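Student: I have just opened this structure for the first time, and I would like to understand why its parts are described as they are. Could we go through the reasons together?

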Amino acid sequence: MSETILSVQGLEKHFPVTKGLFKSQVGAVKAVDGISFDVRKGETLGLVGESGCGKTTTGRLITRLIEPTGGKITFEGHDITHMKQGRLRPLRRDMQMIFQDPYSSLNPRHTVGAIVGAPYRIQGIQTEQGIKKAVQDILELVGLNPEHYNRYPHEFSGGQRQRIGIARTLALKPKLIIADEPVSALDVSIQAQVVNLLEDLQNELDLTYVVIAHDLSVVRHISDRVAVMYLGKIVEVGDRAGLYGSPMHPYTNALMSAVPIPDPKQREGRDRIRLTGDVPSPLNPPPACRFHTRCWKAQEICKTQEPPLAELAPGHAVACHFPENAPSKTETPATVA
Amino acid sequence: MTFLQLNDLKVHFPTDDGLVKSVDGLSFQLERGKTLGIVGESGSGKSVTSLSILGLHKGGRAKISGEIWLDGEELVTASQEHVRSLRGKKMAMIFQDPLSAMHPYYTVGDQIIEAYRIHNDVPKKVAKKHAIDMLGRVGIPQPDRRVDSYPHEFSGGMRQRAMIAMALSCDPELLIADEPTTALDVTVQAQILDLMRDLQRDFNAALIIITHDLGVVAELSDDILVMYGGKCIEYGSADDIFERPEHPYTWGLLGSMPRLDREVTERLLPIKGSPPSLINVPSGCAFHPRCAFEPRTGGKGSTLVPDLVETEGGHLVRCHLSREERRDIWATEIKPKLES
C-alpha cells in the first residue's frame, strides 16, 4: 500500500449560533462532527452526500480555508491543523482546490494570463522562460489555446472556464487537489470532457484527488475509494468495487437506489428503497445514529447508542448497528467498540 | 383530435447582437395521460418552448410564429387575456427553483388559495380546505398546520411539493415541469419523481418534463424529444431513444454519462466542443462542428440543414447520414463502447 499523503483524525467544525446583543452562543451547527480518513498518494477519494452533510466544509477544512474547531489534519507529515498562514503558504503549493462554479471563482476583471499566473506571483516563483511561457504551457495542458492568454473569463463557455480554474490549480504542480463539485455546474457533454481531463492529468502528473460531489455515478467513475457522509459524519467508507457492489449502510443503499437509471426498461421492477422526509437539520441532529429517523431498519439501540465506524470487510468500514451485505453476523448488532 | 399540437413553432428574440433563434421550427404532439420528455443542454431552447406554450412570452420582445393547438384552440394568435384565463386552469407549470417561484411574503396556503379562487368562484374557506387537501395529496405532513407556513419555513423538497400542489390545484389538463428536480438532492428527487408519476395517473394530465438529466427522462417519459440549437434533432419513444438512438448527438449524450447500472468504463465518450451560441448557429446541421461523423456526409453537414425524417414507426431523426449508415455506426461503433 502506498504512503498516506493526507490524514484526517476526528475533524470537527462547529459553527456557533449566536443570539442577542452580546452574541451569546445558543447552539452550534455541527457541520463536520468528528470524521477520520486517510488519502493515499496517487489515489482518488470520493466524498459523497446530500446537501448539508458537510462535504464542502470538509474540503475547506482540509485546505484550511476555514479553521477547524477540533481534530487533526496531517499533510505529508506536517500537522497543519492550526498552522499559521505564513508557515502554511509554502505548503499551499502542494495542496490546491478546484471550485464548483466557474462563473464566480474567476475574477472577471483579470485576464486568463493574470488568473493562471497569480499563483507564481503570490508564491514568488521564478520560471525558466518567464511566467507567460509557463502559463501558456499549462493552458495547452488543459486543452485551451495558449493564445487565450490575454482574454477575459466572460469570453469563455462554462466548460472552458472550468478548464481555466483547473489550469490555475495546476500552476504550481500540486500533489493533492481538492475538487469541490468540479463538474456539477456543467452541461452533460461538457461534464464528460472535464472528467476525462481530470483523469488524464492525474495519470500524467501523478496527482492525488479528493473529489467532493453529490452525483453518485460521477463519483463512482473517478474514485478509487469512496466515503459517504450523512449529517457531518462518515457513515461508510470503502473501495469503489466494495462500496458500490455491496453497500453496507442503509443510507448508502438508499442513495444508490434513488439515482434515476437512464434505461426505460428498468423503470418497472426495480427494487427501490424510498426514504421519507428530508435530511434533519445539523443544528439539532438526531441523537446516537443520525440516520435512525429515516432508517427502515432502526431499532431501540439506534436511538441510544452511536454505532462506531467499524471495518467489517478489508478496507470497507461502516457505522451501522445492522449493516447489510456484511460478510458475517448479518442482522446482529455490530461489535460496539 | 390531438390534445396538444405544436406546428413549426418559432420563437426569436431580436437583440443588439443579432437575432437569437431560441426555438426554430419545432413540432410535436402530446395526448392526455402521456408524458413527453424534452432533453437538451443549456441554450437548446427547451425552456423557451415551455414558456411560449404557456403564453409567457406574449407581449414581450419575442417574435413568435407557428401554431400551438391546445384542445382545439390556437394559442399563438389568441389574446393575452384569453391565454391568461387558461393558465392555471387548463395548463400549469412547475418551475425549477421553488424558492424563487414562490412569493416570500405570503403563506404557502394563501398562494394556493389565490390561484384556486381566480378560476373558481368559491368562498375563501372552501378554497383553504381545498389547499389543505392538495398539500396532503402531495405528501406534506400535517397539511392543516403547514398551510399557514411561509415558503422559507419549508425545506427544498417540501417547497417543490407545495409548488406541485399549487400547479395541480385547478386540475390542469396540461402540466409542464421545467427541471423539476434539478435543485433537489437525489433521495428527495426520487420522492418527487414518484409523486409526479402517481399524480399524473390520478389526474390523467398531459405532462411535459424538461430536463438535462437522461435518467429523469427515462424514469417518467413515454416519448422523448432531443433538442439542439433550437431544433428537434431526434424524437421517439423512450425505447427508441435509449435502445436505438440514431442521432450522433444522442449517442454523445449517452456516452457522456457515467452509469450506475453498468460496469465502470475506462473513459467517458464526450462530445467535443461546446453547445453553439444561438446568435450564431453553425451553418448547415447545427451539430456538425461537434459531430465525429460529419466527414461521412460528404460536405453536406456544413451547408445543408438536414430534414427531420421518420426512420421507423414514429421515430424521427434530423441527420444527413443515411438510415443504414446510422444503424451500422450505432451497432458497431457506439453501442459496444457504451456497454463494454
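Student: What distance separates the centres of domain 1 and domain 2 of chain B?

Tutor: In this predicted model, the two centres, taken over C-alpha atoms, lie 44 Å apart. Domain 1 of chain B covers 100-171 and domain 2 covers 251-339, with bounds that come from an automatic or database domain assignment.

Student: How are residues and chains labelled, and what does a predicted model require?

Tutor: Residues are numbered from 1 along each chain as its sequence is written, while chains are lettered from A and ligands numbered from 1 in the order in which they are written. Because the model is predicted, local features need pLDDT of at least 70 and side-chain atom pairs count only at pLDDT 80 or more, whereas totals for chains, interfaces and linings use all residues.

Student: What makes chain B as compact as a globular protein of its length?

Tutor: Chain B holds 12 helices and 12 strands, these being DSSP runs numbered from the N terminus (H or I of at least four residues for a helix, E of at least two for a strand). Its radius of gyration, taken over C-alpha atoms, is set against the globule rule, which is 2.2 Å times the number of residues to the power 0.38. For 340 residues the rule gives 20 Å and chain B has 21 Å, which is close, so the chain is as compact as a globular protein of that length. The C-alpha atoms of chain B fill a box of roughly 70 × 50 × 40 Å along the principal axes.

Student: How does chain A stand against that rule?

Tutor: Chain A has 10 helices and 12 strands. With 337 residues, its radius of gyration of 21 Å is close to the 20 Å of the rule, so chain A too is as compact as a globular protein of that length. The box for chain A is roughly 65 × 60 × 45 Å, again taken along the principal axes.

Student: Why is A:Pro119 called buried, and why is B:Asn120 called partly exposed?

Tutor: A residue is buried if 20 or more other C-beta atoms, placed from the backbone, lie within 10 Å of its own, exposed if 12 or fewer do, and partly exposed in between. A:Pro119, in helix H3 (residues 112-123) of chain A, has 20 such atoms and therefore counts as buried. B:Asn120, in the loop between helix H4 (108-119) and helix H5 (124-137) of chain B, has 14 neighbours, so it counts as partly exposed. By this definition, buried residues make up 44% of chain A and 50% of chain B.

Student: Which residues does A:Pro119 touch, apart from those up to four places away in sequence?

Tutor: A:Pro119 touches A:Arg168, A:Ala171 and A:Leu172, where contact means C-beta atoms within 7 Å. The C-alpha atoms of A:Pro119 and A:Leu170, 51 residues apart along the chain, are separated by 9.5 Å.

Student: How many residues of chain B are in contact with chain A?

Tutor: Under that contact definition, 38 residues of chain B meet 34 residues of chain A. The largest share of the chain B side, eight residues, comes from H8(B). That side divides into 18 nonpolar, 11 polar and nine charged residues, with Ala, Val, Leu, Ile, Met, Phe, Trp, Tyr, Cys and Pro counted as nonpolar, Asp, Glu, Lys and Arg as charged, and the others, Gly among them, as polar.

Student: What makes E11(B) an edge strand?

Tutor: Two strands pair if DSSP finds at least two bridges between them. Eight strands of chain B form an open sheet with mixed pairing, in the order E6-E7-E8-E3-E9-E10-E12-E11, and strand E6 (91-94) and strand E11 (308-312) are its edges, each pairing on one side only. E11(B) and strand E12 (residues 315-318) pair in the antiparallel sense over four bridges, with B:Leu308 opposite B:Arg318 and B:Val309 opposite B:Val317.

Student: How do you know that E1(A) and E2(A) pair?

Tutor: Strand E1 (residues 4-19) and strand E2 (residues 24-40) of chain A share 13 bridges in the antiparallel sense, and since at least two are required, they count as paired. They form a hairpin with four residues between them, and A:Gly20 in the turn has a positive phi of about 80°.

Key. Contact = placed C-beta atoms within 7 Å.
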